[in-house]
Amino acid sequence: MIAAPYSLLAEVTHRCPLHCVYCSNPIELQREASELATADWLRVLDEAGELGVVQVGLSGGEPLLRSDLELLVRRACSLGIYSNLITSGLGLDDERADHLARAGLNSIQISIQAAASGLGDRVAGRKAHELKRAAASVVLRAGLPLSMNVVLHRLNIDTLAETIDLCAGWGAERLEVANAQYYGWALRNRRQLMPSATQLRRARETLEAKRQELKGRLDLIWVPADYHGELPKPCMGGWGRVSLTVAPNGDVMPCPVASSITGMQFESVRDRSLDAIWHQSTAFNAFRGYGWMRDPCRSCPRREIDFGGCRCQAYSLTGDAARTDPVCRYSPDHHLVVQEVAAAVQSKAGERMAYRHLS
């Protein structure tokens, strides 16, 4: 029996005022004309509640660009679904924050690109750092819990201590330190973004030291790097096991980057209910259980821990989503990861990086 999903990531738009070089959204972003209408999103939330979802992340792109965001928050609140706004912070003022809080929003997560404004603005592709500082103050004045997120890569990893201190100073209760995952624009910029093993080790040591220093003040979450590991992490808790993503156009996927698997067809909430898609769709059932696995995964005791690793990563590196995640040291394709890490060491950080350009 397939258990109910715990969480829904509602990507209400791909429109965004930033052009981050590490963006993992698809290269071909959904345009505004293809976005679900308000009534569709309200129905999606109703169906999510019926399905058993208890938490929704309102994301993008930049969700604040949707004028109906308060309506979606209010519907989630009426269904007893915890709502978290995942935002760049750009466009958040006191009036909007107050409306969202009154609608029942439970928390806000703001992204930060670096501790210093110069580097942060460079990574974001526009002057945004000071706007984020202002947005953090807005969240606190609205009485909402503030969490923050930083994507870690070669350009900002050596200043992690300063980034942590900045987030604590801005009043964050929680900081997610997420090592870059290489999909979308991040995949295009992989060699310029990937840090060295030494940089990663030092960053982890920094985080542990700060965790002790700021204990009880700032909760620090570490999302491990993939390419420098020897065993894969259980991406998204396993394919189609605990969460689902609804893209701006209504396509339903097991994870936010699943559309990168070319040739896999994802059903839309325009055509079927979330319940039917979650339980019956070919895409969601493709990598559930263990029957799809080949060796070494099929006979490995870790298959119940990491579920063969990330399907999207297996596809991006080998062209076959059913292969063992090449991050795994037991994978016959592990040499591909070793080669990419070596190539990244030889490249120059930040040189000739591509930016996403949909505003």
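What follows is a walk through the fold of a predicted model, from the whole chain down to a few single residues.

Starting with the overall picture, the protein chain is built from 14 helices and nine strands. Its radius of gyration comes out at 20 Å, close to the 21 Å that the globule rule gives for 359 residues, so the chain is as compact as a globular protein of that length. Laid along its principal axes, the C-alpha trace spans about 55 × 45 × 40 Å. As for burial, 55% of the 359 residues count as buried. Contacts across the sequence weigh heavily here: of those with a separation of 6 or more, 74% are between residues 24 or more positions apart.

Two helix pairs can be looked at side by side. In one of them, helix H1 (residues 38-51) and helix H2 (residues 69-78) have axes that come within 10 Å and cross at roughly 20°. That angle is under 35 degrees, which means H1 runs roughly parallel to H2. The crossing of H1 past H2 is right-handed. On the H1 side, the contact is made by Thr-38, Trp-41, Leu-42, Leu-45 and Asp-46, and these meet Leu-71, Leu-72, Arg-75 and Ala-76 on the H2 side. Sorted by class, this contact holds six nonpolar, one polar and two charged residues.

The other pair is helix H6 (residues 160-169) with helix H9 (residues 197-213), whose axes come within 9 Å and cross at roughly 35°. H6 and H9 also make a right-handed crossing. Here Leu-160, Ala-161, Ile-164 and Asp-165 of H6 touch Ala-203, Thr-206, Leu-207 and Lys-210 of H9. The class count for this contact is five nonpolar, one polar and two charged residues.

The stretch around strand S2 is next. Gly-57 sits in S2, which covers residues 55-59. With a relative accessible area of 9%, Gly-57 is buried, because the cut-off for buried is under 20%. Setting aside residues up to four places away in sequence, Gly-57 touches Leu-8, Leu-9, Ala-10, Asn-84 and Ile-86. Gln-346 is well removed from this spot: 289 residues along the chain separate it from Gly-57, and their C-alpha atoms are 38 Å apart. A little further along the chain, the backbone does something worth a look, with a cis peptide bond from Gly-60 to Gly-61 and omega near 10°. Gly-61 belongs to the loop between S2 and H2.

A second cis peptide bond turns up from Asp-295 to Pro-296, this time with omega near 15°. Pro-296 lies in the loop between helix H11 (282-285) and helix H12 (303-306). Moving on to the loop between H12 and H13, Phe-307 is found there. Phe-307 has a phi near 55°, a positive value in a residue other than glycine. Its relative accessibility is 15%, so Phe-307 counts as buried.

Helix H13 (residues 311-318) has Arg-311, Cys-312, Gln-313, Ala-314 and Leu-317 as its buried residues. These buried residues pack against two helices, H8 (190-193) and H14. Just past the end of H13, Gly-319 adopts a positive phi of about 85°. Then comes Asp-320, in the loop between H13 and H14. At a relative accessible area of 24%, Asp-320 is partly exposed. Leaving out neighbours within four places in sequence, the contacts of Asp-320 are Arg-294, Ala-314 and Tyr-315; Ala-314 is also among the buried residues of H13. Ala-136, 184 residues away along the chain, has its C-alpha atom 42 Å from that of Asp-320.

Last up is helix H14 (residues 334-346), which includes Val-345. Despite being a valine, Val-345 counts as exposed, at 54% relative accessibility. The C-alpha atoms of Val-345 and Ala-225 are separated by 15 Å, with their positions 120 residues apart along the chain.

How values were computed
Residues numbered from 1 in each chain as written. Predicted model: local features only at pLDDT ≥ 70, side-chain atom pairs only at ≥ 80, totals over all residues. Heavy atoms only, no water. Axes fitted to C-alpha atoms, helices over the stretch in contact; angles between N-to-C directions. Helix = DSSP H or I, 4+ residues; strand = E, 2+ residues; numbered from the N terminus. Parallel < 35°, antiparallel > 145°, perpendicular 65-115°, else oblique. Left-handed = near helix turned anticlockwise from the far one by under 90°. Contact = heavy atoms within 4.5 Å. Nonpolar A, V, L, I, M, F, W, Y, C, P; charged D, E, K, R; others polar. Rg over C-alpha atoms; globule rule 2.2 N^0.38 Å. Buried < 20%, exposed > 50% of the residue type's maximum accessible area, 1.4 Å probe, protein only.
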